[in-house]
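Q: I'm a first-year student, and I would like a close look at one single part of this model. Could you walk me through it slowly?

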Amino acid sequence: MTNILMVCLGNICRSPLAEGILKSKLPENKFFIDSAGTANYHVGSTPDKRSVAVGNKYGVDISNLKGRQFKVNDFDKFDLIFVMDASNYNNVISMARTEQDQNKVKYLLNEIYPNQNFEVPDPYYGGDQGFENVYKMLDEACSIIANSLR
Ligand code: 4NP
């Protein structure tokens, strides 16, 4: 099994969508894919309606996912930890215990634009176009990940 974790701030907009998209591209018997937020505001919540809607538009159902907070033992459970932005990166890295933990943490968009540390913008306070934009970025990055791991 390869275990992959997607991380954002709230675990209701970007990372659940990234989880659903990557799941749709990889066989579930070989890949365990999950998501988490660095914050605890939305623990137990289903994803934002706008993320659910844009997922449905492209055939990815995330309506049953539940928010949870990133925790230190995620470094033990996961092989790769993809973050959406610099704030997520810093929050996750600050919890790393070892260099091995640190090396698991990657900016998701570095899959498309290596070493650039570009961010998936937080769409929470914007409109539907923000979610569409985020979907396209996540889909492109997840295609690259799936093609490289399959
Ligand atoms: P996410 O978006 O990190 O992509 O899930 C956010 C969701 C909620 C909040 C911030 C970002 N919030 O402040 O409640």
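Which residues are buried in helix 1?

A: Happy to help! This is a predicted model, in which local features need pLDDT of at least 70 and side-chain atom pairs count only at pLDDT 80 or more, while totals for chains, interfaces and linings use all residues. Residues are numbered from 1 along each chain as its sequence is written, and side-chain values use heavy atoms, with hydrogens and water left out.

Now to your question. In helix 1, the buried residues are Arg-14, Ser-15, Pro-16, Leu-17, Ala-18, Glu-19, Gly-20, Ile-21, Leu-22 and Lys-25. Here, buried means under 20% relative accessible area, exposed means over 50%, and partly exposed is in between (1.4 Å probe, protein chains only). That is 10 of the 12 residues, and helix 1 is mostly covered.

The helix itself covers residues 14–25 and reaches 17 Å from its first C-alpha to its last, close to the 16 Å expected at 1.5 Å a residue. The expected span is 1.5 Å times one less than the number of residues. Helices (H or I, at least four residues) and strands (E, at least two) are DSSP runs, numbered from the N terminus.

What covers helix 1? Its buried residues pack against strand 1 (2–8), strand 2 (31–37), helix 2 (49–57) and helix 6 (128–149). Contact means heavy atoms within 4.5 Å.

Let's stay with helix 6. Its axis and that of helix 1 come within 9 Å and cross at roughly 40 degrees. Because of that angle, helix 1 is oblique to helix 6. Axes are lines fitted to C-alpha atoms, for helices over the stretch in contact, and angles run from 0 to 180 degrees between N-to-C directions. Angles under 35 degrees count as roughly parallel, over 145 as roughly antiparallel, 65 to 115 as roughly perpendicular and the rest as oblique.

From helix 1, Arg-14, Leu-17, Ala-18, Ile-21, Leu-22 and Lys-25 take part, and in helix 6 they meet Val-134, Tyr-135, Leu-138, Asp-139, Cys-142, Ser-143, Ile-145 and Ala-146. The residues of this contact divide into 10 nonpolar, 1 polar and 3 charged. Ala, Val, Leu, Ile, Met, Phe, Trp, Tyr, Cys and Pro count as nonpolar, Asp, Glu, Lys and Arg as charged, and the others, Gly among them, as polar.

One last stop is the loop between strand 1 and helix 1, where Asn-11 is found. Asn-11 has a phi near 60 degrees, a positive value in a residue other than glycine. At 3% relative accessibility, Asn-11 counts as buried.
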